[in-house]
Each structure stands twice: as C-alpha cells, then as structure tokens.
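Here is a short, friendly tour of a protein model, meant to be read with the structure open beside you. Take the topics in any order you like.

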Amino acid sequence: MIRSRTAVINAAGRGTRMGGIRPKCLTPMLGRPLVEWQLQALAAFSEVLVVVGFQAREVIEAVGELRPDAVFVTNPAFESTGTAASLSVALKRARFPVVSVDGDLLVHPDDLLALVGETVPAIGVSDIQSLAPVLVGTHHAPSGLVQATAFYHGEPAPPGVDTLEWTGLVTLSPQEHKVHGTGHVYQMIRTLLPCPAVHVRCREIDYPEEIPAMEAWLQELLDQGVFHG
C-alpha cells in the first residue's frame with residue numbers, strides 16, 4: 001500500500017453527455033459499476049476520498065462495498081459547477097499529496113503508481129483518443145523527460161507544438177499548491193505548468209459511443225490478470 005497518498009475520485013456530476021440518468025462512475029462496465037474497477041486500480045492508496053453530489057447515496061453504497069474506509073465529501077453546488085469545484089472541496093479534506101481521478105476514467109494500476117512516483121505536481125497524458133479531448137502542449141527534454149507546457153481546449157495548438165491528450169489526472173500537494181476553481185480542472189491547474197507529463201494507459205467515457213472501447217480494454221486487462229472479477 002502506498003503510504004501518505006490520497007486518491008480523489010471526482011464523482012459528483014450528473015453525467016449529462018452520457019444521458020444524465022446516473023453519475024458516470026456508476027456506468028455498468030462488464031456487469032459492474034465503473035467505480036468498482038476504479039477502486040481496484042486504486043487499491044494501493046492509503047486514503048481514498050470520493051466527492052459526491054448527484055445520486056450521492058448510490059455512489060456511497062457502491063464505493064462502501066469495496067472500500068469501507070473511503071471518505072466522502074459533498075460538492076453541494078454540483079448542478080452549477082464543474083469538476084474543479086469538486087476537487088477544490090476534496091483538497092480541503094485530503095491528508096496527503098493527492099492524485100485526482102475523474103469518475104469517468106479507468107487507468108492501468110501500474111501507471112497510476114508511476115504517476116504518483118513522479119515529482120509533485122505532475123499530470124497524466126495519453127495519445128489522443130477521446131471525442132472531445134483537452135490537449136497538452138509538450139516539450140521533450142534531451143534527458144527524455146516530457147514537460148507539459150500548456151493546455152488547449154476549443155482552440156488549436158500553435159504550429160510546431162507537440163500535443164498529447166490530458167487524461168484529467170493530476171498530482172499535487174494541498175499544502176504547497178494553493179489552487180481553487182469552479183469550472184474545469186485544467187483551468188484551475190494552469191498555474192502548476194510547466195510540470196512533468198507522464199504517459200498512462202487509460203480509457204475515458206464522456207459519451208455512450210466510448211463505452212465499447214473501455215469495455216474491450218477492460219476485458220484485455222482482465223485476461224492479463226491486471227484486474228479481477
């Protein structure tokens with residue numbers, strides 16, 4: 001188990017792009033809510049903090065079955081704010097340096113460990129795979145280190161700038177990095193750039209059309225013994 005690390009799952013939103021009938025973390029994936037697979041990926045973390053809002057009771061019940069020591073905090077303004085508001089609430093309660101995971105994201109457990117092993121702050125990036133990605137401008141140092149330099153959303157990156165997709169993953173220290181927001185997390189953490197960008201294997205479900213790709217990838221990981229169930 002990772003000592004002195006807090007995993008935050010941002011699970012307060014309505015999931016309107018998925019139809020708004022349930023929080024995205026409760027979307028069935030191979031017969032189980034997505035959050036159950038997330039908790040498997042986060043099993044090594046000493047503290048798990050879940051931000052709830054829409055259908056809070058259902059989320060608490062799903063998490064509590066697998067992680068009875070999880071801590072729950074509420075984003076009371078989940079209807080009118082973005083994920084940054086949820087993360088801001090969580091940072092006030094976190095006891096340790098944080099890795100923030102959106103409720104619609106599944107990450108390979110080994111890559112989560114690699115991310116938290118980096119210098120804080122750091123972000124997780126991937127090849128571009130989502131329907132509406134937030135892009136990250138990157139700089140590749142001669143040493144091989146990749147630095148995130150800027151976020152781009154709804155606007156193209158300048159010519160000549162290499163880009164990857166930001167996965168929504170960020171590590172930071174609540175004690176050292178005083179960030180706060182009510183909109184998008186990438187807007188909230190812009191002041192942390194430049195910082196290391198760590199490539200992770202992951203899948204995200206912003207839209208129903210992305211469910212089959214996540215389920216296919218999850219099945220591969222089950223066959224490899226990475227997840228169990």
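Helices and strands here are DSSP runs, at least four residues (H or I) for a helix and at least two (E) for a strand, numbered from the N terminus. By that numbering, Leu30 sits in the loop between strand 2 and strand 3 (32-33). Please keep in mind that this is a predicted model.

**Backbone features in the loops**

- Leu30 is not a glycine, yet its phi is positive, at about 55°. Its relative accessible area is 33%, so Leu30 counts as partly exposed, given that the partly exposed class lies between 20% and 50%.
- Gln55 also has a positive phi, near 50°, and is a residue other than glycine. You will find Gln55 in the loop between strand 4 (45-52) and helix 2 (56-66). Its relative accessibility is 24%, so Gln55 is partly exposed.
- Val120 and Pro121 are joined by a cis peptide bond, with omega about 5°. Pro121 belongs to the loop between helix 4 (109-116) and strand 8.
- Leu193 and Pro194 are joined by a cis peptide bond too, with omega about 0°. Pro194 belongs to the loop between helix 5 and strand 12.

**Strand 8 and its partners**

- How many of the residues of strand 8 (residues 122-126) are buried? The count is five of five, so this strand is mostly covered, where buried means under 20% relative accessible area.
- In a regular strand, side chains alternate between the two faces of the sheet. In strand 8, Ala122, Gly124 and Ser126 point one way, while Ile123 and Val125 point the other way, and all are buried.
- Strand 8 pairs with strand 11 (residues 162-172) in the antiparallel sense, over four bridges. Within this pairing, Ser126 has Glu165 of strand 11 as its bridge partner.
- Strand 8 is also joined to strand 12 (residues 195-199), this time running parallel, by three bridges. Here Val125 stands opposite His199, and Gly124 has Val198 as its bridge partner.

**Strand 12**

- Strand 12 is mostly covered as well, with four of its five residues buried.
- Which other strand is joined to strand 12 by two bridges? That is strand 10 (residues 146-152), and the two run antiparallel. Gln147 has Pro196 of strand 12 as its bridge partner.

**Helix 6**

- Helix 6 (residues 211-224) has 14 residues and spans 20 Å from its first C-alpha to its last, close to the 20 Å expected at 1.5 Å a residue.
- Which residues of helix 6 are buried? They are Ile211, Met214, Trp217, Leu218, Leu221 and Leu222. These buried residues cover an arc of only 145° around the axis, which means that they lie on the same side of helix 6.
- An α-helix has 3.6 residues a turn, so residues three or four places apart point the same way.
- Pro212, Asp223 and Gln224 are exposed, and they sit on the face of helix 6 turned away from its buried side.
- The cover over the buried residues of helix 6 includes strand 2 (28-29), helix 1 (34-41), strand 7 (105-107) and strand 13 (202-204).
- Gly225, just after helix 6, takes a positive phi of about 85°.

**Asn10 and its surroundings**

- Asn10 is part of strand 1 (residues 2-10). Is Asn10 buried or exposed? Its relative accessibility is 8%, so Asn10 counts as buried.
- Apart from neighbours within four places in sequence, Asn10 contacts Val51, Thr83, Ser86, Leu87, Ser100, Val101, Asp102 and Gly103.

**The largest pocket**

- The largest pocket holds about 910 Å³ of space.
- Its lining is made up of 36 residues, and those nearest the centre of the pocket are Arg17, Lys24, Thr83, Asp104 and Asp206. Thr83 is one of the contacts of Asn10 too.
- Helix 3 (83-93), strand 11 and helix 5 (185-188) each give at least two residues to the lining of the largest pocket.
- Which element supplies the largest share of that lining? It is strand 11, with four residues; strand 11 is also the antiparallel partner of strand 8.

Definitions and conventions: Residues are numbered from 1 along each chain as its sequence is written. This is a predicted model: local features need pLDDT of at least 70, side-chain atom pairs count only at pLDDT 80 or more; totals for chains, interfaces and linings use all residues. Side-chain values use heavy atoms; hydrogens and water are left out. Buried means under 20% relative accessible area, exposed over 50%, partly exposed in between (1.4 Å probe, protein chains only). Contact means heavy atoms within 4.5 Å. Two strands pair if DSSP finds at least two bridges between them. The expected span of a helix is 1.5 Å times one less than its number of residues. The arc is that of the directions from the helix axis to the C-beta atoms. On a 1 Å grid over the protein atoms alone, a cavity is a set of points where a 1.4 Å probe fits but cannot get out, and a pocket is an open set with protein on both sides within 12 Å along at least five of seven lines; lining residues have an atom within 4 Å of a point. Grid points are joined across faces, edges and corners, and a volume is the space filled by probe spheres set on the points.
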